[in-house]
Amino acid sequence: MGRLARSGAMVGVLVLTASLALTGCGDDQKKPAFVSGGQPASVSAAEGTASVEPSPQPAAAALQVSPADGADGRPVSTEISAKIPGGGKVSKVVLTAANGKPVEGRMRRDGSSWVPSTSLKYATRYTATVSGTGTDGQTHEGASTFTTMAKPKSMIGSGLYMFDGKTYGVGMPVVAEFSPGIPKKDRAAVQKRMFVSTDPPQPGAWHWLYNGTQAYYRAPEYWKPGTTISVRLALAGIPLSNGRYGNVDRTATAKIGRAFEMKVDNASKKMTVYENGALIRTVPVSLGKKSTPSSSGTMVVMEKKESTVFDTRDEPDPDNQYLTKIDFAQRITWGGEYIHAAPWSEGVQGRVNVSHGCVNVSMANGKWLFDRTLVGDPITVRGTSRKLVPGNGWTAWNMSWSEFIAGSALPVPKGGVGPAF
């Protein structure tokens, strides 16, 4: 088992107006009849005809826009919502900054609010103009001018372990990280601002670690090869109950590569390697010895280093203190477990466990694996005495789907959640 420094990832404007011009027309020359004390229409003495003025059409009630007009100190994570008196559906939102520049955004699929595509600016005045159609069939409009808050001093740190343009393995979860962790009472609000979409579409869900320091997003099964994943952690300025605010928005669009999976069985001391479902290689391994067992569970490759140094000289147990150059190292836990080449144990690989918790392979097999794996490729180890601890690595796949969605801060429908937009 080795230790390395943990590397982080760390409208157009459209205003709808409704104008109804109602006119009366006809050539009936009969004098009108009046009942119940109604007032007669004016009569032209010359023509002996009556002209009836139409009743005015009631004006459509104004939308109730949120934030309310005149609101001050709003978070830069503010979304625009509106309520149509009597019910109805909002169809258009126009948000404009004080300098006249429009803000792009999209309506949530459930129609609950309109989300700006980027965080708003601090200490800036905005005007929202909203239109929609009520159950009465009329067009309703409303407007609100509000101001965002000044930039706060106390913020959370955040990270996204996914990068633009990169290709990952089918087991790559979307990993959001927070420092300090998100309080439990705030996780639903934060989760609503973490957007993931996939092409081809695949439902998914979020799962929070117990301490709120990380949240994982995955599908019920491994991603389909060739999937494009687009992520936006829209957290800038989101208020938390501990007085802190989200620091920045983070975005990434990445690809999923071919299906590549490694399975290690402690009983046989072998790794079987599959690509697109076909067995392509069987590799002898040596796992952790009795005093430093390897973790059993499903992990993913988190980091790759062709050459590095393991330094465990600060370990309390002298038997576990060493300084060793390592080739073809692939991290699979934060605790220091790797797949790596170990020429010193080649003689016992496939027969005896002698490592400090790592998956030892030969130099040839280490290079072969290193040349083929991607960050996010899954590896499952079975049959050891140590169980993988949640959060010791990207452990999103080390639980059933039902267990995974139980960690969501929001309800998850059967099969998973679709995109927000």
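Start by selecting strands 20 and 21: two residues sit between the strands of this hairpin, and N276 there takes a positive phi near 50°. Strands here are DSSP runs of E at least two residues long, helices are runs of H or I of at least four, and both are numbered from the N terminus. What you have open is a predicted model, where local features need pLDDT of at least 70 and side-chain atom pairs count only at pLDDT 80 or more, while totals for chains, interfaces and linings use all residues. Residues are numbered from 1 along each chain as its sequence is written, and side-chain values use heavy atoms, with hydrogens and water left out.

Stay on the hairpin for a moment. Strand 20 covers residues 270-275 and strand 21 covers 278-284, and they pair in the antiparallel sense over six bridges. (Two strands pair if DSSP finds at least two bridges between them.) Click K270 and look across to strand 21, where its bridge partner is P284.

**Zoom out**

Now show the whole chain as a cartoon. How many helices and strands does the chain have? Three helices and 28 strands. Of its 421 residues, 46% are buried, meaning under 20% relative accessible area with a 1.4 Å probe and protein chains only; exposed is over 50%, and partly exposed is in between. Switch to a surface view: the chain exposes about 20,900 Å², with 52% of that supplied by carbon and sulfur atoms. These areas come from the Shrake-Rupley method with a 1.4 Å probe, and for residues only the protein chains shown count as cover.

**Two open sheets**

Next, select strands 6, 5, 9 and 10. In that order they form an open sheet with antiparallel pairing. Its edge strands are strand 6 (102-103) and strand 10 (139-147), each pairing on one side only. Strand 9 (residues 125-134) is joined to strand 10 by nine bridges, and G132 stands opposite H140 in strand 10.

For the other sheet, pick strands 12, 18, 17 and 14: this open sheet has them in that order, with mixed pairing. Strand 12 (167-168) and strand 14 are the edges, each pairing on one side only. Six bridges link strand 14 to strand 17 in the antiparallel sense, and D199 stands opposite T228 in strand 17.

**The largest pocket**

Keep strand 14 selected, since the next stop involves it too. Which strand gives the largest share of the lining of the largest pocket? Strand 14, with four residues. Strand 8 (114-116), strand 15 (205-208) and strand 17 (228-234) are also among the strands that each supply at least two lining residues.

The pocket's volume is about 730 Å³. Of the 30 residues lining it, M194, F195, G418, P419 and A420 lie nearest its centre. Colour the lining by class and you get 17 nonpolar, seven polar and six charged residues.

**Two loop residues**

Now jump to H356, in the loop between strand 25 (338-341) and strand 26 (359-361). Is H356 buried or exposed? H356 counts as buried because its relative accessibility is 19%. Add T292 to the selection: H356 and T292 are 64 residues apart in sequence, yet 5.1 Å apart in space, C-alpha to C-alpha.

Finish at T395, in the loop between strand 28 (386-387) and helix 3 (401-405). T395 is buried, with a relative accessible area of 3%. Show its side chain: one of its polar atoms lies 2.9 Å from the backbone nitrogen of G391.

Terms used:
On a 1 Å grid over the protein atoms alone, a cavity is a set of points where a 1.4 Å probe fits but cannot get out, and a pocket is an open set with protein on both sides within 12 Å along at least five of seven lines; lining residues have an atom within 4 Å of a point. Grid points are joined across faces, edges and corners, and a volume is the space filled by probe spheres set on the points. Ala, Val, Leu, Ile, Met, Phe, Trp, Tyr, Cys and Pro count as nonpolar, Asp, Glu, Lys and Arg as charged, and the others, Gly among them, as polar. A polar contact is a pair of N or O atoms within 3.5 Å; within protein, one must be able to donate a hydrogen and the other to accept it, and residues adjacent in sequence count only if both atoms are side-chain atoms.
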